[in-house]
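User: Hi! Could you walk me through some helix packing and the ligand site, and explain the terms as we go?

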Amino acid sequence: MTTNQTKAGGLRFAVIGVGFWAQFQIGAWKELPGARLVALCDRDFAKARAAAERFGVPKVYGDAGEMLRSEPLDFVDVAVGPEAHEQLVLLAARHHKAVICQKPMAFELAACERMVAACRDAGIPFLIHENFRWQTPMRRVKALLDSSIIGRPFRAHIQFSHGDIALFESQPYLFTQPHFALYDMGPHLLDLPRFFFGEPQTLYAREFHLDLRFAGEDIVSVMLGYDRLTCHCELTWRTTDYEVFVEGESGTVKWGADGKLTISTEAGTTTDVLTPRYYAWSDPRYGFAHPSIVDTNADLLAALRGEAAAATTGDDNLKTMKLLFAALRSAATNTVVQL
Ligand SMILES: NC(=O)c1ccc[n+]([C@@H]2O[C@H](COP(=O)([O-])OP(=O)(O)OC[C@H]3O[C@@H](n4cnc5c(N)ncnc54)[C@H](O)[C@@H]3O)[C@@H](O)[C@H]2O)c1
């Protein structure tokens with residue numbers, strides 16, 4: 001198959017890991033022309049077969065190695081839990097298949113570095129599915145910051161919670177995961193400041209473990225220091241709403257869980273109410289997160305088709321993961337980390 005033939009019919013790809021998140025990931029892929037989902041793989045073969053029937057996918061595998069040996073794929077989308085990301089990304093690299101991997105890239109910095117290096121050495125694209133910077137409110141905030149409407153930003157506040165999503169039902173593994181909040185939402189929380197403001201110079205973090213149903217911490221505060229800008233990043237289980245608030249020298253931008261995007265400058269205050277786009281496969285409780293999967297996948301697909309550079313490459317996400325591991329280090333030692 002030539003590259004042009006492949007592109008004409010859409011890139012052929014497989015999803016590895018068909019658990020909770022993959023159902024939304026697959027739904028989002030189906031919205032995009034230019035990619036053909038030809039196989040599903042899960043070590044739980046019955047699960048993979050049920051998903052293949054549901055989504056009309058022709059081939060099913062219980063072993064990723066066997067699938068990579070048998071299928072002429074253009075890329076694989078790895079949606080297994082983080083503990084298996086490295087193993088599968090390295091496997092894809094050995095087969096010279098471009099690979100998309102879910103967040104968090106891995107639970108250890110050394111593993112993240114091995115994954116990036118293996119893909120670079122194999123000469124294949126390595127992309128991370130980091131979808132928060134693709135949420136509509138985040139794109140709007142970024143566009144406003146770039147427009148300089150609020151002048152130079154000097155302070156920002158970004159806070160997330162897991163909201164009232166039923167984690168016990170959908171993601172039971174989070175209850176036993178060490179560093180629950182930082183490992184799960186930390187990649188999103190620490191990617192957004194980089195998206196908005198670039199790379200920070202210092203980091204100070206604290207984490208607490210209040211909800212004893214979780215093995216890991218459920219309260220996280222990270223303060224990122226930039227030249228003339230401080231960004232406060234907060235993460236909690238249930239008790240806060242989503243918010244992004246940026247103060248600039250000539251105004252403020254605020255996005256809140258009520259859907260309101262408010263811009264205040266000397267000229268006055270304007271408010272837009274943003275509503276997420278819903279798809280047949282998306283869960284309204286996830287707000288802007290599920291529709292953002294479509295935009296994330298579109299960006300990654302354009303890169304895989306050679307049409308544009310992806311925003312969330314492995315190299316880029318390694319910088320987010322370095323912040324995450326610096327936050328763990330800072331919290332453990334109660335020290336400011338120079339980045
Ligand atoms: N972007 C987001 O907002 C978001 C939200 C939720 C989950 N996620 C990420 O998605 C990933 C998957 O999470 P989930 O909740 O779907 O987990 P899950 O446990 O529900 O599903 C993982 C699936 O992978 C399969 N699997 C594990 N190892 C495998 C292997 N070696 N080969 C084949 N299959 C294997 C398991 O059998 C399971 O079916 C995680 O990295 C998680 O952080 C991202």
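User: Why are α2 and α11 called oblique to each other?

Analyst: Happy to explain! This is a predicted model, in which local features need pLDDT of at least 70, side-chain atom pairs count only at pLDDT 80 or more, and totals for chains, interfaces and linings use all residues. Residues are numbered from 1 along each chain as its sequence is written, and side-chain values use heavy atoms, leaving out hydrogens and water. Helix α2 (residues 22-29) and helix α11 (residues 289-304) pack at about 60°, with axes 9 Å apart. Angles under 35 degrees count as roughly parallel, over 145 as roughly antiparallel, 65 to 115 as roughly perpendicular and the rest as oblique, so α2 and α11 are oblique.

User: What makes α6 and α12 roughly antiparallel?

Analyst: The axes of helix α6 (residues 109-122) and helix α12 (residues 314-333) cross at roughly 175° and come within 10 Å. That angle falls in the class over 145, and α6 and α12 are therefore roughly antiparallel.

User: Which residues of α6 meet α12?

Analyst: L109, C112, E113 and V116 in α6 meet α12 residues including L318, M321 and F325, where contact means heavy atoms within 4.5 Å.

User: How do you know that D42 makes a polar contact with the ligand?

Analyst: A polar contact is a pair of N or O atoms within 3.5 Å. An N or O atom in the D42 side chain is 2.6 Å from a ligand oxygen, which means the pair meets that cut-off. Likewise, a polar side-chain atom of Y173 lies 2.5 Å from a ligand oxygen, and a polar backbone atom of K103 is 2.8 Å from one.

Note on methods
Axes fitted to C-alpha atoms, helices over the stretch in contact; angles between N-to-C directions. Helix = DSSP H or I, 4+ residues; strand = E, 2+ residues; numbered from the N terminus. Polar contact = N/O pair within 3.5 Å; in protein donor to acceptor, adjacent residues only side chain to side chain.
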